[in-house]
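Colleague: Hi! Could you pull up the model so we can chat through the charged pairs and the interface?
Modeller: Sure, here it comes.

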There are 2 protein chains.
Amino acid sequence: MRLSMIKINENFLDLQDNYLFSTIAKKVAKFQEEHPDKKVIKLGIGDVTLPLAKSCVDAMKKAAEELLYKESFRGYGPEQGYDFLKEKIIKYDYKSRGIDLDLDEIFISDGAKCDTGNIVDIFAKGNKVAITDPVYPVYLDTNTMSGRAGKYNESTGRYSNIIYMPCTSENNFEPQFPDEAPDIIYLCFPNNPTGTVCTKEQLAKWVKYAKDNKSIILYDCAYECFITEENIPHSIYEIEGAKDVAIEFKSYSKTAGFTGVRCGYVVVPKKVYGYTEKSEKVSINKLWNRRQCTKFNGVSYVTQRAAEAIYSEEGQKEIKENIKYYQENAKIIRNGLQESGFLVYGGVNAPYIWLKLPDGVKSWDFFDELLNNIGIVGTPGVGFGPCGEGYFRLTAFGSRENTEEAMKKIKEYFIRESKV
Amino acid sequence: MRLSMIKINENFLDLQDNYLFSTIAKKVAKFQEEHPDKKVIKLGIGDVTLPLAKSCVDAMKKAAEELLYKESFRGYGPEQGYDFLKEKIIKYDYKSRGIDLDLDEIFISDGAKCDTGNIVDIFAKGNKVAITDPVYPVYLDTNTMSGRAGKYNESTGRYSNIIYMPCTSENNFEPQFPDEAPDIIYLCFPNNPTGTVCTKEQLAKWVKYAKDNKSIILYDCAYECFITEENIPHSIYEIEGAKDVAIEFKSYSKTAGFTGVRCGYVVVPKKVYGYTEKSEKVSINKLWNRRQCTKFNGVSYVTQRAAEAIYSEEGQKEIKENIKYYQENAKIIRNGLQESGFLVYGGVNAPYIWLKLPDGVKSWDFFDELLNNIGIVGTPGVGFGPCGEGYFRLTAFGSRENTEEAMKKIKEYFIRESKV
């Protein structure tokens, strides 16, 4: 027998088990078991509740029907997605904002989680990665898996090789340029979990910074459709020069309720370059195309037709109604929390409301208090990173009735109890 | 300005541009341009031509309709897939063959290309990989990207760190145990591209070999539904002990014409272990689950319902009819080629027919001869690896009419010309 054996990727062992949502689920289950009579309202998870737009459903049914006949059947599609969808994206999501993109700069995928997760494949292990704190865990976990995170420090809750950019009320949730310039910079605006945004001027500074430092920006704007204010960029390519330094991730999950349908896309401009150890320039677009052609086989034709329908006149009307519904929920939550005396961030240009707890109150204690006293479930801020401690996330994706009921209960509880 | 810069994964530069299908497309386009009057019959690519089963289309339409209503809407599903589909897989694909699997040993995906590509994430870079030659290029390319292939040797057409197991008519296409035991062994039966199979006895030897060497077998049986002969395993778990050493990849692409719908699954038994450098055992099932939960968000609900419909009585009837149609095509191709004097492999338990060219005839020369003289497109065997030189692949996925016409032309051409 040989001495060698199949060896695992030990970077996986450096992952911290993220018990956030499973702990929440367990606590909720326990509460419901002990209080079967009490109603629980869940405003914790980022899943949508409104059904799909009729235009999208009709498009799916039509596309499915096409597959029934030899003449209209479609087998393998392009790994990068069908032109019919890419053309709509270019016209409606970019051209309309004065941004020119080519068809081969768009890659259709089955969602932003996959794209933001898979993108690490094309970069060297030795790159230095910067993320905000708090952060969407996928950025961190996928870099941990691929060996860029280093060792986890239990006491700080941080990895040795990751550059953390704290985003708290102290800096108005604006990430600051780190002392050591990173190679890869993850930015997510409108932000998950804080719901805060970045102005064009702020984002322009990041583009310049990336250019100056030969870094790349991985820009996640999955929540772009929730922006209501002027001067907030919907795409990083609204910033001059961004096409040289940024990849952009977009998703139909929240825009059009596609959380269960699975479609998104990534924009990789042809002018974005990476470098070899010998400082030779390499096209990132070509690398990503090669990655996708090798490990991916395109998104379901039926799904791509559903996504295309989002851009129809009727589709736009329908999804905008849904977005408005969630935006109204966000406003109700913001107002309700403010009336209860809380400091509240986000919720204006995002479906997430980030609530600052009174001094000394911990995220998980607040979670327990809310659940046990008024049956409301949110997400403890610390679950998104150490700087999330003392914060709490509520989402606007619940039903109107539940959102209103939850706010009524919160107001009654906190104003009556003078807890804040 | 700092001296560092964003660095690419240079393993990508070790990839050999696979011009196989693009070269074929270019040659065909040129031929058609020069001979606009001549019919071209494509028997080269592995895409299906029959439309989807009505049961699957109906299931998709019904599922799409469900998403239109609040009461039946589904958002994020389980990353591992819905139980309704996993239960059918366990019952019909495994239990029926005496194999017991648990729900959490099945992972639904958007296809075998993604799964066979992504699986490399969970293994250490230092593992030694064995593939057959010829081979489905994804196994090789994804290991090249992740740094396991070493350097490419232009003159041999091989990578320095990959263990190649030649499969030619000389060894009856049965891969032999390599001199150096590999950590990861890719096996694909029924085989793409050769169309050959492996008996239970042969496969049992591989399971024992993997066990003895603490290796893992990545078993791709995407073409299992084409098996017609007895004693050919449909699943590696028909072999005792395989649950300790093998991961199995399955696809609905060819089984049910899902090439454009995208669904497959991977089986990762809980008894399969990998090891750390310190020889600690780690559950491969847990690693894969973590990989999928971090980088994947499940397959479209609509697609999973379509896959479920494959297992209905009507669905089974429909897909079996389609499979029979392709099997009949395979027989027509085999017979036609044999009558023309060729040595033919595969096509009995697989949709691929692997044709041995007369001594000294090169794959690409034969490609040109077939295209230029009788307008028939196949795939040069050398495109799948150096041992594919002198072979040629035809697929059974064309229409009956085209398949018959192609064979008529081949017979006329080769018998008349006495070329063989």
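Colleague: Let's start with networks. Which residues are linked with A:Arg97 in a network of salt bridges?
Modeller: A:Arg97 is joined by A:Glu224, A:Glu248 and A:Lys250 in that network. Keep in mind that this is a predicted model.

Colleague: Noted. How far apart are the closest N and O atoms of A:Lys250 and A:Glu248?
Modeller: They are 4.0 Å apart, and the two residues form a salt bridge.

Colleague: And are A:Lys250 and A:Glu248 buried or exposed?
Modeller: Both A:Lys250 and A:Glu248 are buried.

Colleague: How about chain B? What does B:Arg291 pair with?
Modeller: The side chain of B:Arg291 meets that of B:Asp121 in a salt bridge, at 2.9 Å from N to O. This pair links distant parts of the chain, with the two positions 170 residues apart. B:Arg291 belongs to helix H7 (residues 284–295) of chain B, while B:Asp121 is in the loop between helix H4 (112–118) and strand S3 (129–133) of chain B.

Colleague: Are B:Arg291 and B:Asp121 buried or exposed?
Modeller: B:Arg291 is buried, and B:Asp121 is too.

Colleague: Back to chain A for a second. Which residue does A:Lys128 meet in a salt bridge?
Modeller: A:Glu180 is the partner of A:Lys128, at 3.9 Å from N to O. Here too the pair links distant parts of the chain, 52 residues apart. A:Lys128 sits in the loop between helix H4 (112–118) and strand S3 (129–133) of chain A, and A:Glu180 in the loop between strand S6 (162–166) and strand S7 (184–188) of chain A.

Colleague: Why does A:Glu180 count as partly exposed?
Modeller: Because its relative accessible area is 43%, and partly exposed covers the range between the 20% and 50% cut-offs.

Colleague: How many salt bridges are there over all chains?
Modeller: The count comes to 57 over all chains. Between chain B and chain A there are eight. One example involving both chains is B:Lys7 with A:Asp183, where the closest N and O atoms are 3.9 Å apart.

Colleague: Good, that brings us to the interface. How many residue pairs are in polar contact between chain B and chain A?
Modeller: There are 42 such pairs, with both residues at pLDDT 80 or more. As for which elements give two or more residues to the side of chain B that touches chain A, they include helix H2 (54–66), helix H5 (137–145) and helix H6 (200–213) of chain B. H7(B) gives the most, with seven residues.

Colleague: What's the make-up of that side by class?
Modeller: The side of chain B that touches chain A has 43 nonpolar, 26 polar and 25 charged residues.

Colleague: And how much area do the two chains bury between them?
Modeller: About 7,800 Å², of which 59% is on carbon and sulfur atoms. In chain B, the residues losing the most area to chain A are B:Ile6, B:Tyr76 and B:Arg290, together 10% of what that side buries. In terms of contact, 94 residues of chain B touch 94 residues of chain A.

Colleague: Last topic, the fold of chain A. How many helices and strands are there?
Modeller: Chain A has eleven helices and 17 strands. Its radius of gyration is 22 Å, close to the 22 Å from the globule rule for 420 residues, so chain A is as compact as a globular protein of that length.

Colleague: What share of chain A counts as buried?
Modeller: Of its 420 residues, 63% do. Also, among the contacts in chain A with a separation of 6 or more, 73% come from residues 24 or more positions apart.

How values were computed. Residues numbered from 1 in each chain as written. Chains lettered and ligands numbered in written order. Predicted model: local features only at pLDDT ≥ 70, side-chain atom pairs only at ≥ 80, totals over all residues. Heavy atoms only, no water. Helix = DSSP H or I, 4+ residues; strand = E, 2+ residues; numbered from the N terminus. Buried < 20%, exposed > 50% of the residue type's maximum accessible area, 1.4 Å probe, protein only. Contact = heavy atoms within 4.5 Å. Buried area = accessible area lost by both parts, 1.4 Å probe. Polar contact = N/O pair within 3.5 Å; in protein donor to acceptor, adjacent residues only side chain to side chain. Nonpolar A, V, L, I, M, F, W, Y, C, P; charged D, E, K, R; others polar. Rg over C-alpha atoms; globule rule 2.2 N^0.38 Å.
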